[in-house]
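Got the viewer open and a selection box ready? Let's take a short walk, one selection at a time.

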Amino acid sequence: MKGEVLLFISLLSLGSVIGQVSYTIPEEMAKGSLVGNIAQDLGLESKRLTSGKARIYTRDSDEYIELNRERGILLVKQRIDREALCRQTTPCALHFQIILENPMEFYSVIVQITDVNDNAPTFEEREIQFKISESAITGAKFVLERAVDLDVGLNDLQRYELKPTDNFALKLYNNADGNKNVEMVLQKPLDREKQEQISLVLTAVDGGEPQMSGTMLIVITVLDVNDNAPVFTQPTYKATITENSPKGTVVATVTASDADHGSNGKIAYSITNTLDDVRKMFNINKETGDVTLIGNIDFEESRHFQINLRASDEGGLTDSCKLVVDVQDVNDNKPDINIMSKSNVISEDAKLDTVVTMINIDDKDTGENGKVQCFINENIPFTLKTSANDFYRLVTDSELDRERSSEYNITVTCSDEGVPSLSSSVTLTLQISDVNDNAPVFESSSYEAYIVENNTPGLSIFTVRARDADWNQNARVSYILEDSSANGVPVSSYVSVSADSGVIHAVRSFDYEQIKDFHFRVKAQDGGSPPLSSNVTVKILIQDQNDNPPQVLYPVQTGGSLVAEMVPRSADVGYLVTKVVAVDVDSGQNAWLSYKLQKATDRALFEVGLQNGEIRTIRQVTDKDAVKQRLTVIVEDNGQPSRSATVIVNVVVADSFPEVLSEFTDFTQDKEYNDNLTFYLVLALAVVSFLFITCLVVIISVKIYRWRQSRIMCHSNLPVIPYYPPRYSDTLGTGTLQHVYNYEVCRTTDSRKSDCKFGRASQNVLIMDPSSTGTMQRIQSEKSILDEPDSPLEQKPPNNDWRFTQGQRPGPSGATGGPEVAMGTGPWPQPPTEAEQLQALMAAANEVSEATATLGPGTMGLSTRYSPQFTLQHVPDYRQNVYIPGSTATLTSNPQQQQQQATAQQAAQQALPPAQMAAQMSAQMSAQMSAQMSPQPEPPKAAQTPASKKKSTKKEKK
């Protein structure tokens, strides 16, 4: 640790203050440097610092010292800069307290920071400037800026130095506050003409170790005094100017110098001529001394000029000189080129010395300046010939070739012999017209193209291109396939060539195994007259494709006989059983064959060579091995995708041929039996799976259909009205039928969503008219007629088929019957109510249900009133066919009416063909047998309304 450590321990009687410790450390110590052992200096143990939670308390926000409790030492927490902490205050110290708890006590600590020479003297300005006149007197004083050093004591500023000291000296003056004033004193007069600027260096040095210093540059500018007159560099200047020089041409430049500076050295130039026209022809720049031309100068008018010049400064001092200007004659006229006649286009087969253009040259100058020479640019097939004075002809001097150059820009240049020579030029553009003198040229002397076999006819194989150096029609190339043959077949049956593009197309699909390559010639012909042509040979190479599977040559697979290889039981490992020989008609890697054992009776007994197809044993043959061994060998080629073939090798493990013969008598039959058994098992599994899936789909469909029907019925808004029809009395009056029919009808405002549920009776229901022979088609046709809203049929009054008797009217007390009441005679009563209409619909549904239950083959169990001649006049009164709740009326039948209907039905049957009559007779017999078995005749059925017929039709369709 740098510096000294001073320890002061004072015991005080001020309560918790026990002692005070002081340390001295230098500034700029590194972080973590040791300040002192506070525990030892205070006489405390390290445990006390830890148990007392010792910490440092300071009023300042910055903590430069930290306490290590475990070691009981003070360390530098961050770098301490004395100049930033105390500036110029001395001594510089840090005051803080160490606080302990349990019991609470504190100690005062003072850390003094000593200065280190870490700051060099600095000037506020790096450079200062003075402007001093060269007439300044000796002894003049100039105050300089003082330097500042942040360090204190010996490290502070000690002295100043000034260099060089040719003209100035340095003097120091002590002030009452201890600081020093610095002055610079002039010792020698200044001369601006000798040294315009003086640079001095002022150095401030401190007394520290190592010694440090700071510098400041003093720049002194010497101000001028007008003590020198202007002086021209020479008394007489000479210049030459050519005639026709443009205005502003600088003829000459005169220069004068003045040793003074600033305004005293600023020179102004002027022309002093008064009698001649010099001022009209020339002008001089007052600042630069440039003499320029301001008029038109002509050699024939004036050959030389003398200009008097003067230079003066602002102090009134002057000097003078003269400028002699000589005018020089020049060639100021250019030759004039006139085109007398010219051709814009010339054929490339033009003869030599063909005249292209005639030119006339004129130059207004005389003498040497009027002599003219003309020439044209080089490396062109033309030349310029002189025919007479100042006349020229442009003619061809070599053969023309449009393909080498289709256009020429001929520049004719004519120059005189003046100095400098003047020239003029003109450019002639000449087009070369084309002649068909170039045949088409193919890009290559021969072509090779590849195509994969089994290609699609019309496939583009290759493109041949030929270029013709001619232009337009002469360069239009057509491609022609020359007649030739390949393998005895015309090449046109193999390929075709597009006349415009040169694309070669395959005419047919190629087979590598039949033809591997062929060549032909293609001719390229231009459109010139006469046409020129050239030809090229094209070779087409067919590339193989893996389109042929391997073919097994051995063992031969025969259908009638069985071939087997015999292996003795004494065969050792590696015994060659046989060799599978196969070939592939493809080529290349498509013909590389590999052999693999696909299936074997005992895979642990045999192996197949991957490359040679040799079947060898891989272990010793034992008695446990089966006599019959069946090996399936697959032969694959290396094509993409690969093709394969399989061969079955039968191997017999036996030592003699009779043993082999006895074992293989039923080999073929077992093979066929196993193959057939496998096929039938797979077929049976497929059929069972199909039936299962079909049944599952049907069951799900039925479930969904029933669920939808139940949803439709449950969404009906009308209540269900149960209907219990009365017991009908038979025609003989012997009693009533013991059948109860229940109907549940769900009706909505939409007839398409209505539904009926029919309860079946405990006994068979018989048709009321046994002579009914109506078929389904006839009934449906009748329904279609009745269902049409615009049907011409009109409803007629009810007939007398049914009557209510007093005894048949049900009542709460069972009233007895009275005289018969004839119903249905006379005109229609009042329109039915909604309840009556609903009961009529339910009765109609009952009749449809019973009629459907008694259908015979090909016929419907319906009464004769549903015959084709049936009209609405046969429909009974719907109020007589239903039971109205609360009424005592019952239904009774009219025997006379039934007898009339039976007679009419028999007459209709006689008109039917024998097939229909037989069907009706069968139905009648069935009805009679049912009637005999039933104790009571069937009650009459209510007539169907059009709405009920629509409903029954929907049920039948479902």
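Start by selecting cysteine 86 and cysteine 92 and showing their side chains. The torsion about their S-S bond is about 65°, so this disulfide is right-handed. Keep in mind as you go that you're looking at a predicted model. The sulfur atoms of cysteine 86 and cysteine 92 sit 1.8 Å apart. Turn on a surface and you'll find that both cysteine 86 and cysteine 92 are buried.

How many disulfides does a search of the whole structure find? It finds 2, so hop over to the other one, since a disulfide here is a pair of cysteine sulfur atoms within 2.5 Å. Select cysteine 374 and cysteine 414, whose sulfur atoms are 2.1 Å apart. This link is right-handed, with 110° about the S-S bond. Colour by secondary structure next: cysteine 374 belongs to strand 27 (residues 372–376) and cysteine 414 to strand 30 (residues 407–416), so the pair ties together parts that are 40 residues apart in sequence.

Are these two cysteines buried or exposed? Cysteine 374 has a relative accessible area of 14%, so it counts as buried. Cysteine 414 is buried as well, at a relative accessible area of 0%. If you number the bonded cysteines of the protein in sequence order, the pairing reads 1-2, 3-4.

While you have cysteines on screen, pick two more. Cysteine 321 is buried, with a relative accessible area of 8%. Cysteine 695, on the other hand, is partly exposed, and its relative accessible area is 47%.

Now switch to a cartoon view and go to a sheet. Select strand 24 (336–342) and strand 28 (382–388): these are the edge strands of an open sheet, each pairing on one side only. The sheet has 4 strands in the order 24-26-29-28, and the pairing is antiparallel. Look along the sheet and follow the twist, which averages 25° from one strand to the next.

Which strand does strand 28 pair with? Add residues 391–396 to your selection: that's strand 29, joined to strand 28 by 6 bridges, with the two running antiparallel. Show the backbone atoms here too, because strands of a sheet pair through backbone hydrogen bonds.

For a last stop, zoom in on phenylalanine 382. Directly across from phenylalanine 382, in strand 29, you'll find threonine 396 standing opposite.

Notes
Residues are numbered from 1 along each chain as its sequence is written. This is a predicted model: local features need pLDDT of at least 70, side-chain atom pairs count only at pLDDT 80 or more; totals for chains, interfaces and linings use all residues. Side-chain values use heavy atoms; hydrogens and water are left out. Two strands pair if DSSP finds at least two bridges between them. Axes are lines fitted to C-alpha atoms, for helices over the stretch in contact, and angles run from 0 to 180 degrees between N-to-C directions. Buried means under 20% relative accessible area, exposed over 50%, partly exposed in between (1.4 Å probe, protein chains only).
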